[in-house]
Amino acid sequence: MSKDNQILEELTSKEYEHGWSVNYEADEAPVGLTEDTIRWISTKKEEPQWLLDWRLKAFKTWEAMYEPKWANVHYPKIDLQSLKYYSAPKQASKPKNLDEVDPELLDIYKRLGINLNEQKRLQGIAVDAVLDSVSVATTFKGTLSKLGIVFCSFSEAVKEHPELVKKYLGSVVPMTDNYYAALNSAVFSDGSFCYIPKGVRCPMELSTYFRINAANTGQFERTLIVAEDESYVSYLEGCTAPQRDENQLHAAVVEIYAGAHAEVKYSTVQNWFPGDKEGKGGIYNFVTKRGICAGDFSKISWTQVETGSAVTWKYPSCILKGDNSIGEFYSVAVTNNYQQADTGTKMIHIGKNTKSRIVSKGISAGKSQNSYRGQVQVMKRATNARNFSQCDSLLMGDRCGAHTFPYIDINNPTAKVEHEATTSKIGEDQLFYCNQRGIATEDAVALIVNGYAKEVLNQLPMEFAVEAQKLLALTLEGSVG
Amino acid sequence: MLTIKNLHASIEGTPILRGINLEVKAGEIHAIMGPNGSGKSTLASVLAGREEYEITAGEVSFKGKDLLELSPEDRAREGVFLAFQYPVEIPGVSSTNFLRTAVNQVREYRGEEPLDAVKFLTLMKEKMKLVEMDQKLLSRSLNEGFSGGEKKRNEIFQMAMLAPTLSILDETDSGLDIDALRIVSNGVNQLKSKDNATIVVTHYQRLLDYIVPDFVHVLYKGQIVKSGTKELALELEEKGYDWIKDEVDSNATV
């Protein structure tokens, strides 16, 4: 092994920071997945009949489906019957405001660096904190409701705004969409709901923080964002999980609706437990994220920094239905040790003069496998559609893999589609050059990687970008020689 | 300042340096010349700590410390600077960001406070003038898309920013036109002081018209086979290296 690889090895072998777990009394569904499980969840959540019916329909659909096998990831078959589908921290009664939330739960978030105490929080970000299956707290609700903005847990939305949930649930990601989306539709427990009324510009970043704590529990959250005409919202999502030997399943669905002239920015910093150095444990992250630019001149922009999970299967996509609508996808995906990621996007051009931009930066280290999979589809009536895709791969060491699977499907001759791809290696030359100027190797790697990912990091809200930069450096710490 | 004794180094089992002896004192400029493949660049790389070379014998002391024991970054922090023959490109990292990281890590090593943004910028502006650097280059990605001349100027600019005690210029003249050569040499000359020293590795005498050496050494087959003053460089320019090769090779067969 060359010196270069040794340093890579060291740098990438940094331990996961959020690997702790907390013991609290929990309300849990019995192990296994049957119709009864779904009824149990629905009853627990005091749901209306229509939602139970919807879940049961999804369950029937799911039963007839097969797990997708086309992704470039390998893992042992998941025994879905051995999982618990609901786990909620027991609280004496439902908290009405933050003061009533169990301090122990608030403490969990504090340890993650997320202070749910509104007064002490940095201004400008409202947080919905989801622990295992339920939302434990949402901050700044009052401030937001004055503008007519709804930002709450999904369960609350079902109770308070059933008409909105009914109208949009499954409208972007139908329950029949894929195996995991169907599973999620049947058993989803909580998540965030966000509604921005017409003409309102949301004055703060909305953020959901997901934390898996319980063992042997699948997390199936559902996020629904509706931005009415001429509205704007920027949404952030963060996630961590404790370090456990066994694998845990996370299968979320995110749906975004954007009306005419509306703009939604969705940023994710995904830091689920990636498994240990030998590839033991870690989260299986099988997520369906999709937005529809329903109105003319609407815009949806996905930005993701993916550093965690043992296996990632995720393609945040845009359906560009409105004329002149814009879809964007900016991604940095880092894999290290034995992590596997198959991630990318789909841009479906339906409306005229629709534009999409894809910037994907993969970084592979250790023995990991990192794949970009993207589809650009231009439909018949999408005159003057434009797409630009750029897929870069950065390799660290000589035992990892980078793969690119671009699919392009053009049905209109006026379309203009560009695809650029590069593959590079962090060279011994680059590291030596930095060393020779007095820069330590770990800092050199951070510098080089952040330089490489700059275009994507620039898309993140400022505070988040700083976090993401640190996370990148941390993930790769010990990985270069 | 720098003492090299009987230094042997090889790469993948092939010996390149076969017993180098050299003494460099503060305030001096030494030129290392020699035909292709004589080990000039290897010597520069070994001093800077490039890891693919294996040191098989000998010792190097720098300001009283065992240089060979130090990591490449610690050598840099101690004041060894290598101007690369082929400066490396780092996409997405601006020269400014790169240099600020470097300067502050060196300062930290020396127990000094990091420079704040304003002080750093002031220092940069001052040093840029030395090599007539265009400020636009500083916000661009390091060396990416720079012309050959710009890259070499940037090396000397970095040298000015880091203020090393020992600078090693590895064929800094290669690929430079006459104007760039003048600018680069001017920069080097202005940075010269009684406290620092420079080793100029070059193939041609031309550079030495601008950077006038106190000593000239000829490297051949991994050894310094001849040392002299700047007149030796002129002699080499006139007569080539063959006479030295003949001298060495005939001695070897005797």
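Trainee: What percentage of the 254 residues of chain B count as buried?

Mentor: Keep in mind that this is a predicted model. Buried means under 20% relative accessible area. In chain B, 52% of the 254 residues meet that mark. In chain A, the share is 63% of 481 residues.

Trainee: How many helices and strands are there in chain B?

Mentor: Chain B has 10 helices and 12 strands. Chain A has 11 helices and 23 strands.

Trainee: Why does the radius of gyration of chain B agree with a compact globule?

Mentor: Start from the chain length. A compact globule of 254 residues would have a radius of gyration near 18 Å, and chain B has 18 Å, so the two agree. For the outline, use the principal axes. Along them, the C-alpha atoms of chain B fill a box of roughly 65 × 40 × 35 Å.

Trainee: What share of the contacts joins residues 24 or more positions apart in chain B?

Mentor: Take contacts with a separation of 6 or more. In chain B, residues 24 or more positions apart account for 69% of them. Apply the matching count to chain A. There, 84% of the contacts between residues at least 6 apart join residues at least 24 apart.

Trainee: Now the surface. What area does chain B expose, and what do carbon and sulfur atoms supply?

Mentor: Chain B exposes about 11,400 Å², with 48% supplied by carbon and sulfur atoms. For chain A, the exposed area is about 18,000 Å², and carbon and sulfur atoms supply 49%.

Trainee: How many positive and negative side chains has chain B?

Mentor: Count 30 positive and 39 negative side chains in chain B. Then compare the centres of the two sets. They lie 4 Å apart.

Trainee: Let us read one helix. Which residues of helix α2 of chain A are buried?

Mentor: Helix α2 of chain A spans residues 35-44, and its buried residues are A:Thr37, A:Ile38, A:Ile41 and A:Ser42. Look down the axis of α2(A). The buried residues fall within an arc of 130°, so they line one face of the helix. On the other side, A:Asp36 and A:Thr43 are exposed.

Trainee: What covers the buried residues of α2(A)?

Mentor: The cover includes α3 (49-63) and α8 (179-187) of chain A. Check what comes after the helix, too. A:Glu46 follows α2(A), and its phi is positive, near 50°.

Trainee: Next, single residues. Where is B:Phe146?

Mentor: B:Phe146 sits in the loop between β8 (141-142) and α6 (148-162) of chain B. Its relative accessibility is 7%, so B:Phe146 counts as buried. Set aside neighbours within four places in sequence. B:Phe146 then contacts B:Ser95, B:Leu137, B:Arg140, B:Ser141, B:Lys151 and B:Asn154. Sequence and space can also be read together. B:Phe146 and B:Glu89 are 57 residues apart in sequence, with their C-alpha atoms 8.9 Å apart.

Trainee: Which residues does B:Thr42 touch, not counting residues up to four places away in sequence?

Mentor: B:Thr42 touches B:Ile16, B:Leu17 and B:Tyr53. Place B:Thr42 in helix α1 (residues 40-48) of chain B. At 9% relative accessibility, B:Thr42 counts as buried.

Trainee: Why is A:Asp27 partly exposed?

Mentor: The relative accessible area of A:Asp27 is 22%, so A:Asp27 is partly exposed. A:Asp27 belongs to strand β1 (residues 26-28) of chain A. Try one more distance. A:Asp27 and A:Phe432 are 405 residues apart along the chain, and their C-alpha atoms are separated by 55 Å.

Definitions and conventions
Residues are numbered from 1 along each chain as its sequence is written. Chains are lettered from A and ligands numbered from 1 in the order in which they are written. This is a predicted model: local features need pLDDT of at least 70, side-chain atom pairs count only at pLDDT 80 or more; totals for chains, interfaces and linings use all residues. Side-chain values use heavy atoms; hydrogens and water are left out. Helices (H or I, at least four residues) and strands (E, at least two) are DSSP runs, numbered from the N terminus. The radius of gyration is taken over C-alpha atoms; the globule rule is 2.2 Å times the number of residues to the power 0.38. Buried means under 20% relative accessible area, exposed over 50%, partly exposed in between (1.4 Å probe, protein chains only). Contact means heavy atoms within 4.5 Å. Accessible areas come from the Shrake-Rupley method with a 1.4 Å probe; for residues, only the protein chains shown count as cover. Lys and Arg count as positive and Asp and Glu as negative; His and the chain ends are not counted. The place of a charge is taken as NZ of Lys, CZ of Arg, CG of Asp or CD of Glu. The arc is that of the directions from the helix axis to the C-beta atoms.
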